Amino acid sequence: MTSPKNKKGSTSWFLCEKCNCSVTQSDKERHFADCPPDLTTSRTHNFVLGATLYGTVDLKPTEEIKGLTPQDYNNLVFLSQSAIQLCELCIGEHALVYDDNQAYALRVWPTVEKTLTSVLLTKRGLDRTFDINTLVRVKRFDHNVTAARQVILKPLAHCNIELTHDVNVRIHKAYLRHFLTKGNKITIFYFGVFLTFEVIDITQPDKDLVQALQGASLEPQFFQVVDSTSWNIFRSELEYKQKKERSLLEIGGLDKEIGEIKDIIHIALGKTKAVSQSLISHGALLYGSPGAGKTMVVNALANNIDAHVVKITDGDDLEVTFNEAMKRTPSLIIIDDIDTLCPLRTSRIGDLEKKFTSSLLGFFEQINSESAKAFVIATSNKPDAIDLSVRRCGRFDHEIEIPTPNQSARYDILSKLLRNVPQNIGDDELRDIANVTHGFVGSDLVLLCAQAALRAATLKSNKLCAEHFRFALTRVNPSAMREVQIEVSSLYLSRCIIRLVCTGWPNKNARYCIWEPVHRRGLR
């Protein structure tokens, strides 16, 4: 064993010539007995090797630093001045603190507390990172960092607070310019309560295969939170996975409409090259009967398109929401039931509706003038009840009907609904069910399957059969036949004479007649 030498005149650290480790005086004897040291979590002492500190996590006793906010203070890692020098770190810059299970990018700050190899964290920092006495490694943070497009979070504890858009804004302000990776935990102080979330996924902007291979590494990939980063909170990881796995292919009977909508959105968001930027449409309106699947199509599109998604409700601050969407392009803005937010201008319209309509029109003008990569998609059960100014050219240029499914569409919907359900229904029987469900929209067919499953459970049957559906048909009524749409002609009786033309009269086999309008002389 070569006796260790002093490193740069320091009396606290010694350099072992055999393994090139820098150890403290208190750990010198342990190092002699275990040289070279074990680099795993079963090591017997702490040391510095290859500009990496192999230390132990501990609690920082002092709980304040002047000039730092509590949020910044809790995102610091405190090291001894000599350890900072040996690891070639700089005060205020980020260091990678990690073990075999997780990694964090924390700012370095000097301290004289505890030992030279201690890795000190605040109490709030410990709550979201490592436990006390965890063996960790600290080294310079030199990762090739990519800007985060969207960060997916889940609360770590039962959260009674409604997770509104304001929570996302608060998180964004607290962690702007920070570096995150999957598995990190973040904490914010919100209305007197500390809320802790875990990062379950991070998406990044589109990149080609070469960039992806260049960024491939066995180490955790970090992303930086930038101004355009968006946040999405799910109650559980299972909820996020189910939403992520939900595909447009699972929607039956609307392949043509979905294909048309996807093409329009891809061109507007720059994912498909357009002939001219000035000719791009930035809005589409989906209309149809209640339960036809408008909202389901929009949500599926939001899950399948790599863009910042904003869902607008009547309680949102539109100016803030629209400005955020413009900063985080490509953006997809969703407005459900727009006929209630932008109704026809009558004497009954309120100030909220007027403000919403005005803000929406201004947003469309901004998108068109800047040729921004943003798209607004709205849904409505009553398109004729929408303000006419919103439906003019340059706003919702595309109006796409989500129709009541026909027989083939109903068969497609039923096939996909029963794909993963234990059932004993033949193809001919399923086509018969689709044939007799005239007027059923998508939600009616879902209810029909639910009623059939309830009937099967009542009869203690393990599989669905055609008899269960026959019973369910007596319990479910078609939505599309509960109302009748009548088109009123603009031709008034006061301006015409009605002449009754009976085909085949007075033949007893005459079966129909024609009401033929004849304009009065002198009237136009």
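## Helix H15 and its two neighbours

Helix H15 passes helix H16 in a right-handed crossing (the near helix turned clockwise from the far one by less than a right angle). Welcome to this predicted model, in which local features need pLDDT of at least 70, side-chain atom pairs count only at pLDDT 80 or more, and totals for chains, interfaces and linings use all residues. Residues are numbered from 1 along each chain as its sequence is written, and side-chain values use heavy atoms, without hydrogens and water.

Helices (H or I, at least four residues) and strands (E, at least two) are DSSP runs, numbered from the N terminus. Axes are lines fitted to C-alpha atoms, for helices over the stretch in contact, with angles from 0 to 180 degrees between N-to-C directions.

| Pair | Angle | Axis distance |
|---|---|---|
| H15 (residues 442-458) and H16 (residues 466-473) | about 120 degrees | 8 Å apart |
| H13 (residues 407-417) and H15 | roughly 45 degrees | within 10 Å |

H13 is therefore oblique to H15 (not under 35, over 145 or from 65 to 115 degrees). The crossing of H13 and H15 is right-handed too. Here Arg410, Ile413, Leu414 and Leu417 of H13 meet Gly442, Leu445, Val446 and Cys449 of H15 (heavy atoms within 4.5 Å).

On the H16 side, the H15 residues in contact include Leu448, Cys449 and Arg455, and those of H16 include His468 and Phe469.

Elsewhere, an open sheet of three strands has the order E11-E16-E13, with mixed pairing (at least two DSSP bridges between two strands). Strands E11 (146-147) and E13 (179-180) each have a single partner strand, so one side of each lacks a neighbour in the sheet. E13 and E16 (residues 223-224) run antiparallel, joined by two bridges.
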